[in-house]
Amino acid sequence: MDTERTLKALCMAKGNSGAEDEAAAVGAELLAPYGKVRRDNLGNVICEIAPKKNGRHVLLDAHIDQIALIVTHIDENGFVFAMNCGGIDRRSIWGTRVTVLGKEGEYDGVICSVPKELQGDGKQENPKPEEFAADIGFDKETAEKLVKPGDRVMLRGTWQSMENGYVTAPALDDRAGCACILEALELLRGKELPCGLTAVFSTREETGGEGAVAAAAAIAPTEALEMDVSFGKTPDTNEVETKFMKKGPMIGFAPGLDRKMSEQLVALAQKHQIPWQYEVMNGTTGTNADDMAKAGEGIRCCTVSIPQQYMHTVIEKMAVADIQNTGKLIAAYVMEGGAE
């Protein structure tokens, strides 16, 4: 599998929470070689690879939605006001290029930026969510014909391959998790699986996680691996809260995660010489695993996270090697793991 090509295709597709159709279509096409693909009532992309076997059925999940804005109103000057749809980093929002997705067209613009000299009293504050406004170049009358409350505003970034095996793009959170699953499925292709296996590219994670919960309840797996991103080390962070790029996936340990699964993942990483790192959390994980664990009669869950820098911006960055190693670990768990 060409990891960068696959990741670029995923990241450049539009699809924020509750409006994931374009990204879901790309995901469905990429999953099609591995099993029967369908979409459920919440838009999840579900790939049925193998039925339950030997009393075991593994669910692999990564969310396909990305952060964006949602239109609230248009003011008297034609500026399109919108509030966050997901956990946008407000420090990076001013001056960002955007595309407003109207009912009959797409309109490019920018998030209005107040010059620091005009903020008053020397204050240089981050914009509040209610202050996000897009300038798409129209007057009020024209803008109101083309854009309606509830329309989405996508934050625009570019794909860039960087030196030393890094990439930067919008939506690496969590299209990178989807790429990890595809890496694993390619490694498993043609093998006799010892268990049932279903892959899900789930919707609405950034705004509540309903997609993964609905899918998990319907599939009723014996165990679930959640692939998401977590904080990569930067010069201004410590090594407890963040982990290093190129040193492998972060295996989750937390009160809400299944300890046996965590330990098995560690053992498999060591056995197959896959680099890995601890991710210890003292409560919830902030991923779909938190709510999937409560679906149906309860599902054993563990997280496998990819270190990422600059989360929830349009310049998210990660190492391709970490995606590939995460795929290897997932494949090893499917073949040799088990929560019992």
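**Salt bridges, rings and cores in a predicted model**

Colleague: Which residues are linked with Lys14 in a network of salt bridges?
Modeller: The structure is a predicted model. Side chains of opposite charge can pair when their charged atoms come close. In the network that holds Lys14, the partners are Glu22 and Glu106.

Colleague: How many salt bridges does the count come to?
Modeller: A pair is counted if a side-chain nitrogen of Lys or Arg is within 4 Å of a carboxyl oxygen of Asp or Glu. By this rule, the total is 16.

Colleague: How many residues apart are Asp21 and Arg39, whose side chains meet in a salt bridge?
Modeller: The N to O distance in this bridge is 3.2 Å. Asp21 belongs to helix α2 (residues 21–31) and Arg39 to strand β1 (residues 36–39), so distant parts of the chain are linked, and the separation is 18 residues.

Colleague: Is Asp21 buried or exposed?
Modeller: The cut-off for exposed is over 50% relative accessible area. Its partner Arg39, at 37%, counts as partly exposed. Asp21 has a relative accessible area of 53%, and is therefore exposed.

Colleague: Which strands does the salt bridge between Glu48 and Arg38 tie together?
Modeller: The closest N and O atoms of this pair are 3.0 Å apart. The two residues are 10 places apart in sequence, and the strands they tie together are β2, which holds Glu48, and β1, which holds Arg38.

Colleague: In the salt bridge of Asp151 and Lys103, which residue is buried?
Modeller: The side chains meet at 2.3 Å, N to O. Asp151 is in the loop between α3 (140–146) and β9 (152–155), while Lys103 is in the loop between β6 (97–101) and β7 (106–111), 48 residues apart. Lys103 is exposed, with a relative accessible area of 61%. Buried means under 20%, and the residue that counts as buried, at 3%, is Asp151.

Colleague: Is the aromatic pair of Phe253 and Tyr278 stacked, tilted or edge-to-face?
Modeller: The structure holds three aromatic pairs. For Phe253 and Tyr278, the ring centres are 5.3 Å apart and the planes make an angle of 50 degrees. Planes under 30 degrees apart count as stacked and those over 60 as edge-to-face, so this pair is tilted.

Colleague: Which residue links with Phe253 and Tyr278 to make a cluster of ring pairs?
Modeller: Phe253 is in strand β14 (residues 250–253) and Tyr278 in strand β15 (residues 277–280), so their pair ties together parts 25 residues apart in sequence. Phe253 is buried at 11% relative accessibility, whereas Tyr278, at 44%, is partly exposed. Tyr278 has a second ring pair, which is edge-to-face because the centres are 4.7 Å apart and the planes are at 70 degrees; the partner there is Trp276. The residue that completes the cluster is Trp276.

Colleague: Which lysine lies over the face of Tyr166?
Modeller: Another ring face, that of Phe244, has Lys247 over it at 4.6 Å from the ring centre. For Tyr166, the distance to the ring centre is 4.4 Å, and the residue is Lys317.

Colleague: Within what arc do the buried residues of helix α5 fall?
Modeller: The buried residues of α5 (residues 210–219) are Gly211, Ala212, Ala215, Ala216 and Ile219. Seen down the helix axis, these buried residues line one face, because they fall within an arc of 120 degrees.

Colleague: Which helix is included in what covers the buried residues of α5?
Modeller: The cover includes three strands, β2 (45–50), β3 (57–63) and β12 (196–202). Also included is one helix, and that is α7 (289–292).

Colleague: Which helix gives the largest nonpolar core its largest share of residues?
Modeller: The core has 61 residues, and those touching the most other members are Leu7, Leu60, Leu225, Met227 and Met318. The largest share of this core is 10 residues, and the helix that supplies them is α4 (residues 172–188).

Colleague: How many residues are in the other core, the one with Ala82 and Val100?
Modeller: Beyond its neighbours within four places in sequence, Leu7 is in contact with residues including Trp159, Val167, Leu172 and Ile323. Apart from the core of Leu7 lies another, with Ala82, Val100, Ile136 and Val153 among its members, and its size is 19 residues.

Methods
Residues numbered from 1 in each chain as written. Predicted model: local features only at pLDDT ≥ 70, side-chain atom pairs only at ≥ 80, totals over all residues. Heavy atoms only, no water. Core = buried A, V, L, I, M, F, W, Y, C linked by side-chain atoms within 4.5 Å. Buried < 20%, exposed > 50% of the residue type's maximum accessible area, 1.4 Å probe, protein only. Helix = DSSP H or I, 4+ residues; strand = E, 2+ residues; numbered from the N terminus. Contact = heavy atoms within 4.5 Å. Phe/Tyr/Trp six-rings, centres within 6.5 Å; stacked < 30°, edge-to-face > 60°. Lys NZ or Arg CZ within 6 Å of the ring centre and 35° of its normal. Arc of directions from axis to C-beta.
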